[in-house]
Amino acid sequence: MIDFGSHLRKAVLALATAGLIASQAIALPVIEPSVEQPVVLAAGDCYAIGQQVAAQNGGTLAKASQATRGGQQVCVIVVLVPGKDGQRPRRSEIVVPMG
């Protein structure tokens, strides 16, 4: 019975060690970032730009998305500007270059 308990402890210790090593291996980054990689602005930046554009135009931000136009990265901003004298809001699309 003492041999079985000893073997069981060794097996549990070996499994725990293997689990710890495996969890550390999974936590390591697969690809290390390099300086040569270009920085890509995310669509979240377009949202922030869109909020500024909407505030400048006195409207509400309806949509902000990233696009490529003429080989250049741009933000396509859609702003709803309130209509005059109770009319419907006017939809205004504004293209802003990124960067």
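1. Nonpolar core. In this predicted model, the largest nonpolar core comprises eight residues, namely C46, V53, A54, C75, I77, V79, V81 and M98. Helix 2 (43-57) and strand 2 (72-81) each contribute at least two residues to this core. The greatest contribution is that of strand 2, with four residues. In soluble globular proteins, nonpolar side chains tend to be buried together.

2. Surroundings of V79. One member of this core, V79, merits separate attention. Leaving aside residues up to four places away in sequence, V79 is in contact with V53, A54, G59, T60, A62, R90, R91, S92 and I94. Among these contacts, V53 and A54 are also listed as members of the largest nonpolar core.

3. Salt bridges. Two salt bridges are found when the whole structure is searched. In one of them, E93 pairs with R69, with 3.9 Å between the closest N and O atoms. Because E93 belongs to strand 3 (residues 90-97) and R69 to strand 1 (residues 60-69), this pair ties together parts that lie 24 residues apart in sequence. A salt bridge also joins the side chains of R91 and E93, at an N to O distance of 3.9 Å.

4. Network and exposure. Through shared partners, the salt bridges link R69, R91 and E93 into one network. How exposed are the residues R69, R91 and E93? E93 has a relative accessibility of 42% and therefore counts as partly exposed. R69, at 42% relative accessibility, is likewise classed as partly exposed. R91, at 55%, counts as exposed.

Technical notes
Residues numbered from 1 in each chain as written. Predicted model: local features only at pLDDT ≥ 70, side-chain atom pairs only at ≥ 80, totals over all residues. Heavy atoms only, no water. Salt bridge = Lys/Arg side-chain N within 4 Å of Asp/Glu carboxyl O. Buried < 20%, exposed > 50% of the residue type's maximum accessible area, 1.4 Å probe, protein only. Core = buried A, V, L, I, M, F, W, Y, C linked by side-chain atoms within 4.5 Å. Contact = heavy atoms within 4.5 Å.
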